[in-house]
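Let's walk through this structure together, one piece at a time. Have the viewer open as you read, and follow the residues as they come up.

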Amino acid sequence: MSYGVASALQAAVYQHLSVDPALDALVGNAVYDALPIGALPPLYVVLGPENVRDASDQTGRGALHEFTISVVTESAGFATAKAAAAAISDALVDADLPLGRGALVSLNFYKAKAARVGSGDIRQINLIFRARVADDT
């Protein structure tokens, strides 16, 4: 197994989403790797947790990363959050992301959950993607 590609994958996903025109039209520069201190915009995207398991085989070391990207909004209803979630999915599925270490073998949408957060007006969509990476260093 190798966890060596994790940081490179996260950086590539963040960079790709940060410059995606469709997502930018919806959330502007509100794509975060970590939430900033202070007030947040009414609609934003944040990279979240990941689960990783070994995917090594006879051809070399590798891993399967399941990572979460959350869309959070204060808007009533889910329409704006779903539009941003669709832009994220469109940007990432089968994307050819260059990695600083290793190689991306595949990147696919796995599942999503849309829910209200607490009893307030916050709505959140958690998108989970699966990325298969090779790490033949």
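A good place to start is with the charged side chains: the model contains 4 salt bridges. Keep in mind as you read that this is a predicted model, so every value here is computed from predicted coordinates.

Take the pair Arg132 and Asp57, whose side chains meet in a salt bridge at 3.5 Å, N to O. Arg132 belongs to strand 5, while Asp57 sits in the loop between strand 2 and strand 3, and 75 residues separate the two along the chain. How accessible are these partners? Arg132 has a relative accessible area of 18%, and because the cut-off for buried is under 20%, Arg132 counts as buried. Asp57, at 42% relative accessibility, is partly exposed.

Now turn to Arg61, which forms a salt bridge with Asp135; the closest N and O atoms of this pair are 3.9 Å apart. Here too, distant parts of the chain are linked: Arg61 is in the loop between strand 2 and strand 3, Asp135 is in the segment after strand 5, and they lie 74 residues apart. Arg61 is partly exposed, with a relative accessible area of 36%, whereas Asp135 is buried at 1% relative accessibility.

Asp135 has another partner to look at. The side chains of Arg101 and Asp135 meet in a salt bridge at 2.8 Å, N to O. Arg101 lies in the loop between helix 3 (79-92) and strand 4 (103-116), and Asp135 in the segment after strand 5, so this pair ties together parts that are 34 residues apart in sequence. Arg101 is partly exposed, at 34% relative accessibility. Through shared partners, the salt bridges join Arg61, Arg101 and Asp135 into one network.

From the charged pairs, let's move to the strands. Strand 3 (residues 62-73) has 11 of its 12 residues buried, so it is largely enclosed by the rest of the structure. Which strands does it pair with? Strand 2 (residues 43-54) pairs with strand 3 in the antiparallel sense over 10 bridges, and Asp54 has Ala63 of strand 3 as its bridge partner. Strand 3 is also joined to strand 5 (residues 123-134) by 12 bridges, and these two run antiparallel. To find this pairing in the viewer, look for Phe67, whose bridge partner in strand 5 is Phe129.

Next comes the nonpolar interior. The largest nonpolar core holds 38 residues, and Val71 and Ile88 touch the most other members. Several elements give two or more residues to this core: helix 1, helix 2 (21-27), strand 1 (31-32), strand 2, strand 3, helix 3, strand 4 and strand 5. Helix 3 provides the largest share, 7 residues. Which residues does Ile88 touch, leaving aside those up to four places away in sequence? The answer is Leu17, Leu23, Val45, Ile69, Val71, Leu127 and Phe129.

Finally, consider helix 1 (residues 6-18). At 1.5 Å a residue, its 13 residues should span 18 Å, and its end C-alpha atoms are 18 Å apart, which agrees. Which of its residues are buried? In helix 1 these are Ala6, Ala8, Leu9, Ala12, Val13 and Leu17. They cover an arc of only 165 degrees around the axis, which puts them on the same side of helix 1. Leu17 brings us back to the core, since it is among the residues that Ile88 touches.

Methods. Residues are numbered from 1 along each chain as its sequence is written. This is a predicted model: local features need pLDDT of at least 70, side-chain atom pairs count only at pLDDT 80 or more; totals for chains, interfaces and linings use all residues. Side-chain values use heavy atoms; hydrogens and water are left out. Helices (H or I, at least four residues) and strands (E, at least two) are DSSP runs, numbered from the N terminus. The expected span of a helix is 1.5 Å times one less than its number of residues. Buried means under 20% relative accessible area, exposed over 50%, partly exposed in between (1.4 Å probe, protein chains only). The arc is that of the directions from the helix axis to the C-beta atoms. Two strands pair if DSSP finds at least two bridges between them. A nonpolar core is a set of buried Ala, Val, Leu, Ile, Met, Phe, Trp, Tyr and Cys residues joined through side-chain atoms within 4.5 Å. Contact means heavy atoms within 4.5 Å.
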